[in-house]
Each structure stands twice: as C-alpha cells, then as structure tokens.
Amino acid sequence: MKGGLAWRPFLAAPFDILDRAAPPVAQKSRLEDGKKIFVKSFGCQMNVYDSQRMSDVAAGEGYSPTAEIEEADLVVLNTCHIREKASEKIFSELGKTRELKERRAQAGRKTQIVVAGCVAQAEGAEIIRRQPAVDLVVGPQNYHRLPQLLRQAEAQPVVDTDFPVHSKFDHLPAAAPAATRARGVTAFVTVQEGCDKFCSFCVVPYTRGAEFSRPVAQILAEIDSLAAAGVREITLIGQNVNAYHGLAEDGGACDLAALLERVAARPGVARVRYTTSHPTDMSPSLIDAHRDNPALSPYLHLPAQSGSNRVLAAMNRRHTAEDYLAVVAALRAARPDIALSSDFIVGFPGESEAEFEETLALTEKIGFASSFSFKYSPRPGTPGAEMADQIDEATKARRLARLQDALEEQRQAFNRGMVGRVLSVLIEKIGRYPGQLVGRSPYMQSVLAEGAPELIGELADIEILSVGPHSLRGRIIDATG
Ligand code: SAH
Ligand code: SF4
Ligand code: F3S
C-alpha cells in the first residue's frame with residue numbers, strides 16, 4: 001500500500017502491538033489503579049469509530065483506557081475481514097492473548113478477551129472453537145450490549161452476532177468530554193452503516209448487514225457533544241455514506257448534501273468531510289454541495305476499483321469507467337480545486353493484461369492525489385471466490401507493483417503542485433521540534449509550520465514552501481479560527 005498522506009481505509013500492519021516482547025506484569029493492585037481496557041482496531045474508519053464507542057461503553061462500567069495490553073483487564077480486538085491476510089492472522093495473534101491471560105492469571109489478575117468487528121461477525125463461534133481463551137465474540141451491531149455480555153461471559157464463553165431489531169445507536173452512551181479531548185480535534189461519526197450493493201468481491205454486506213441511516217437529530221446531538229469538547233472537523237462515515245437518507249426532525253427524508261449543511265452549521269464545527277462514497281450514488285445535490293458548502297473539504301475518496309468495463313461488470317459495480325469519469329468531471333466543474341483519492345483491486349478473476357492496462361489508463365486520465373490498491377483476495381461466501389480464472393499470485397503482485405508506481409507518481413505530482421499555494425490547515429497538535437505545529441490540509445496532507453500551541457484546533461492559512469515525502473512545510477500567514 002502506498003499513499004502515506006491519505007487516511008487509511010484499513011490499517012496495514014495491524015497486529016504489531018501484540019508482537020512486542022511482553023513486559024513483566026505490573027504488580028499494582030486492581031483497587032489502586034482501577035480496571036483498564038485495551039482496544040485495538042484492525043479495520044477501516046468505522047472500525048476505529050466502533051473501537052471508540054466500545055471504549056465509551058466500557059467507561060460506564062469503570063474501565064479506563066490503556067495503551068499497554070499487559071495492564072488490561074479487558075482486551076478488545078476489533079477485527080477486519082476485508083482481505084484474507086488480516087482475517088487469518090487473528091488466530092495466531094489470539095494465541096498470544098492466551099499467553100497474556102495466563103501470565104496475568106499467575107500474577108492473580110483476571111483478563112477478559114473480546115473479539116469484536118467483522119471477523120467476529122463472519123466467524124462467530126468458530127473463533128472460540130479455535131481459541132478457547134476468548135471470552136466473548138461480538139458483532140459490529142451488538143457492542144452496545146458489552147456490559148451484560150461480559151457479565152454472561154464470566155460463566156462461559158458467549159457469542160453475539162445476531163442482527164438486532166433496535167439500532168445500537170439508540171443505546172450507546174456519549175463519549176466523556178475528556179475522552180473526546182484525548183482523541184484530538186477531528187472525529188469520525190457514523191451516519192450510515194451496512195451495504196446493499198453486493199460487489200462480487202466484498203464481504204461488507206455480510207459482516208455489516210443491510211443499509212441503515214441514522215436519524216438526523218441523533219447525529220447532530222452526537223456532533224454537538226463532540227464540538228463542545230473541542231472537535232473542529234467532522235468526518236461523516238458510512239460504507240455507502242452517499243446513500244445516506246435519514247429521518248429528519250419533521251418526519252421527512254434528509255440526504256447527505258442536506259445533512260452536510262446541517263452539520264457544518266453546528267457551533268464549533270469548522271470543517272466537514274464524508275467517506276466512503278459509491279460512484280453511482282454521487283447525486284446532483286451532493287455534487288452541488290461541493291460548490292455551495294464552504295465547510296466541505298474539496299477532497300473526495302471515490303473508489304473506482306477498475307478501469308475495465310468488463311471487469312467492473314463482473315465486480316457488480318453498476319458503473320462503467322465512463323460513468324466514473326463523468327462524475328469526476330461534474331465534481332471538477334462544481335469545485336475546480338477538488339482532488340480525488342480512490343481504491344483499486346488488481347487481479348480480479350479473469351482480468352486480462354489489457355484490462356489491467358485500462359485501470360492504469362483511468363488513473364492517468366484522472367491523476368489521483370492518493371490511492372489504495374490491493375491484490376484481489378477471494379473471500380468465502382462472495383461470488384468472486386467461486387469465479388473461474390482466478391489470477392495467480394505472481395501476476396497479481398506484478399500488476400500491483402506497476403499500479404502502485406503509477407499512483408505514487410501521481411501523488412507526488414499532486415503534492416509538488418502545492419508549493420506556492422495557500423492552504424487552509426486545521427492545526428491538530430504540536431510537532432516533534434520546539435515551536436513546530438502539525439496540521440492537515442483539505443487534502444489530508446500533513447502540514448508542518450512554526451506557531452504557538454494555542455493554534456491547536458484553529459484553521460490557519462499556510463503558504464506551502466516545500467514538499468517532503470510524507471509532509472508539506474509552510475508558514476502561517478493567517479489564523480482565523
Ligand atoms: N465502500 C466501502 C469499501 C470498503 S472496503 C467503504 O466503506 O470503504 C475498502 C476497499 O477494500 C474497497 O474499496 C476495495 O478496493 C478493497 N477490497 C474489498 N474487498 C476486497 C477483496 N476481496 N480483495 C481485495 N481488495 C478488496
Ligand atoms: Fe463492499 Fe461494494 Fe458495498 Fe463498498 S459498495 S462496501 S465495496 S459491496
Ligand atoms: Fe474491515 Fe469491516 Fe471495515 S471488513 S473494512 S472492518 S467494514
């Protein structure tokens with residue numbers, strides 16, 4: 001995976017934290033330091049959001065977060081099922097959590113191990129069969145029930161992967177202001193979940209369930225409490241976020257463009273984004289929002305997957321390469337400085353060399369600011385896994401390397417084009433060197449500049465002076481807040 005400046009639809013090397021040599025178990029008594037929860041996210045932005053919400057649920061039960069797994073009375077692994085590698089690795093990693101549990105038990109401390117997320121949903125009881133040290137397997141729609149499930153799991157292992165009738169969002173507690181502040185000045189908010197699209201390569205419709213949009217009032221209440229704790233940038237997230245159609249306060253329907261306008265108008269909110277979008281749901285109103293909503297970043301993650309119409313049809317993407325180009329042209333007409341990022345899959349069953357070249361050609365036509373690209377990974381239960389003409393690993397690897405070279409070239413060209421421009425940067429934190437601040441441009445680039453720490457949480461106009469491999473450098477010319 002390349003494109004280090006972009007946000008990440010998933011994490012590349014998720015299990016590293018468990019690979020570290022185990023430090024000795026702390027000898028402090030539980031009463032002295034309270035109960036601790038360790039949560040590790042292995043997936044997309046929604047997986048990260050779910051991890052935070054699980055932490056918030058656990059906070060209500062007296063757990064405070066720790067970054068040290070050895071200290072944790074409750075270990076939650078929030079898993080991702082999207083590709084085989086991450087999904088399979090969970091079982092070897094769970095062996096390490098068993099050792100952790102035993103070490104802690106020897107020191108007189110109890111540990112509960114929870115497997116949450118999309119592997120939990122897909123594999124259910126199989127996880128406990130393969131690793132009996134696991135106490136609880138809980139799917140993405142059920143984690144609001146963590147307290148009672150953990151109590152049940154005291155007696156015997158529990159699996160909860162039913163799709164509930166009532167939305168978890170009706171039950172989740174708000175984050176404590178201190179927890180929000182610790183997470184920084186940007187926040188994800190799930191507004192839409194699940195997927196009805198059934199792309200033939202993808203597990204998400206099975207692990208997240210049917211499309212669901214949260215009601216407007218509930219979303220705005222969550223955003224108000226985040227903003228009150230200092231959050232300035234909100235990213236509305238959903239597997240198909242641009243299919244959002246939530247219930248408005250007056251009983252009518254609200255689309256994503258209208259929701260973005262409502263969110264941008266909340267006190268404290270300075271900048272809004274949304275992800276991930278499907279090309280066929282880029283409605284005229286949403287394209288217009290890029291012209292009309294000044295708080296909306298001119299940056300869009302719009303997965304294309306392939307540039308070949310035959311492959312796109314086999315993927316059940318419901319759009320052609322021409323449709324994709326037309327959406328991009330409309331977006332650029334509405335907002336000339338908009339930049340795009342995308343996802344691509346190489347080596348989908350039957351993909352010929354010429355069809356792969358069509359993907360390269362599509363990227364050249366657009367010039368992406370950042371992209372993620374993957375070798376096709378056959379997933380159990382999806383139509384793609386049953387297709388004839390699976391492509392061999394060597395071919396996939398060769399195509400991926402070529403595509404990533406092209407995408408990296410485009411990313412660097414895009415970044416070079418920033419020199420001399422003035423970008424509106426949200427200052428997020430202090431940098432590594434004295435006097436240095438780190439922020440994010442509208443295009444998710446990391447930007448370094450000198451300035452006072454009071455600027456954290458403010459929007460600053462920064463003139464870009466130079467471009468490094470992973471960040472831009474500039475000088476603040478105006479800080480407006
Ligand atoms: N619409 C979703 C997509 C989630 S998956 C969202 O909310 O982001 C993120 C990306 O993973 C997809 O766009 C696709 O490029 C890639 N992907 C999904 N299934 C895959 C598979 N079986 N093999 C390889 N890559 C896959
Ligand atoms: Fe998966 Fe396709 Fe749905 Fe995205 S739109 S989550 S790629 S099935
Ligand atoms: Fe992975 Fe589930 Fe997200 S499969 S990409 S954690 S929706």
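Where does ligand 3 sit? In this predicted model, ligand 3 is housed in the largest cavity, and the space taken by ligand 2 is that largest cavity too. That makes the cavity a handy place to start, beginning with the shell around ligand 3. Its surroundings consist of Cys-44, Asn-47, Cys-80, His-81, Ile-82, Cys-118, Arg-208 and Gln-239. Sorted by class, this shell comes out as four nonpolar residues, three polar ones and one charged one.

Ligand 2 has its own set of neighbors. Cys-195, Lys-197, Phe-198, Cys-199, Phe-201, Cys-202, Val-204, Pro-205, Asn-240, His-278 and Arg-317 surround ligand 2. Here the split is seven nonpolar, two polar and two charged residues.

Then there is ligand 1, with 15 residues around it, of which Phe-201, Gln-239, Gln-305, Asp-343 and Ser-377 come nearest. Two of these residues turn up in the other shells as well: Phe-201 is listed around ligand 2, and Gln-239 is listed around ligand 3. The polar contacts of ligand 1 involve both backbone and side-chain atoms. On the backbone side, an N or O atom of Gln-239 lies 2.8 Å from a nitrogen atom of ligand 1, and a backbone N or O atom of Ser-377 is likewise 2.8 Å from a nitrogen atom of that ligand. Asp-343 instead uses its side chain, with a polar atom 2.6 Å from an oxygen atom of ligand 1.

Gln-305 deserves a second look for its backbone. This residue is found in the loop between β14 (299-301) and α13 (309-314), and its phi is positive, about 70 degrees, although Gln-305 is not a glycine. With a relative accessibility of 7%, Gln-305 counts as buried. Arg-318 shows a positive phi as well, near 65 degrees, again in a residue other than glycine. Arg-318 is placed in the loop between α13 and α14 (321-334), and a relative accessible area of 48% makes this residue partly exposed.

Charge pairing is the next topic. Side chains of opposite charge can pair when their charged atoms come close. The structure holds 38 salt bridges, and a few are worth walking through. One of them joins the side chains of Arg-208 and Asp-50, with an N to O distance of 2.8 Å. Arg-208 belongs to helix α9 (residues 204-208) and Asp-50 to helix α3 (residues 45-59), so this pair ties together parts that are 158 residues apart in sequence. What is the relative accessible area of Arg-208? The value is 3%, so Arg-208 is buried; the threshold for that label is under 20%. Asp-50 is buried too, with a value of 2%. Arg-208 is also one of the residues surrounding ligand 3.

A second salt bridge pairs Lys-101 with Asp-135, the closest N and O atoms being 2.9 Å apart. This pair also links distant parts of the chain, with Lys-101 in helix α4 (residues 84-106) and Asp-135 in the loop between α6 (125-130) and β5 (136-138), 34 residues apart. Both Lys-101 and Asp-135 are buried.

A third salt bridge brings the discussion back to ligand 2. The side chains of Asp-281 and Lys-197 meet at 2.7 Å, N to O. Asp-281 is in the loop between β13 (271-275) and α12 (284-292), while Lys-197 is in the loop between β8 (192-193) and α9, which puts the two 84 residues apart. Lys-197 counts as buried at 9% relative accessibility, and this lysine is part of the shell around ligand 2. Elsewhere, Arg-53, Asp-56, Arg-183, Arg-214 and Glu-222 are linked in a network of salt bridges.

A few more local details round out the picture. Arg-273 lies in strand β13 and is buried, with a relative accessible area of 2%. From Arg-273 to Ile-237 the C-alpha distance is 8.6 Å, although the two are 36 residues apart in sequence. Thr-275 and Thr-276 are joined by a cis peptide bond, with omega about 0 degrees; Thr-276 lies in the loop between β13 and α12. Finally, Asn-142 is in the loop between β5 and α7 (146-153) and counts as buried at 2% relative accessibility. The side chain of Asn-142 reaches the backbone oxygen of Asp-162 at 2.9 Å.

How values were computed. Residues numbered from 1 in each chain as written. Chains lettered and ligands numbered in written order. Predicted model: local features only at pLDDT ≥ 70, side-chain atom pairs only at ≥ 80, totals over all residues. Heavy atoms only, no water. Near = heavy atom within 4 Å. 1 Å grid on protein atoms, 1.4 Å probe; cavity = no way out; pocket = protein on both sides within 12 Å on 5 of 7 lines; lining within 4 Å. Sits in = over half its atoms within 2 Å of the grid points. Nonpolar A, V, L, I, M, F, W, Y, C, P; charged D, E, K, R; others polar. Salt bridge = Lys/Arg side-chain N within 4 Å of Asp/Glu carboxyl O. Helix = DSSP H or I, 4+ residues; strand = E, 2+ residues; numbered from the N terminus. Buried < 20%, exposed > 50% of the residue type's maximum accessible area, 1.4 Å probe, protein only. Polar contact = N/O pair within 3.5 Å; in protein donor to acceptor, adjacent residues only side chain to side chain.
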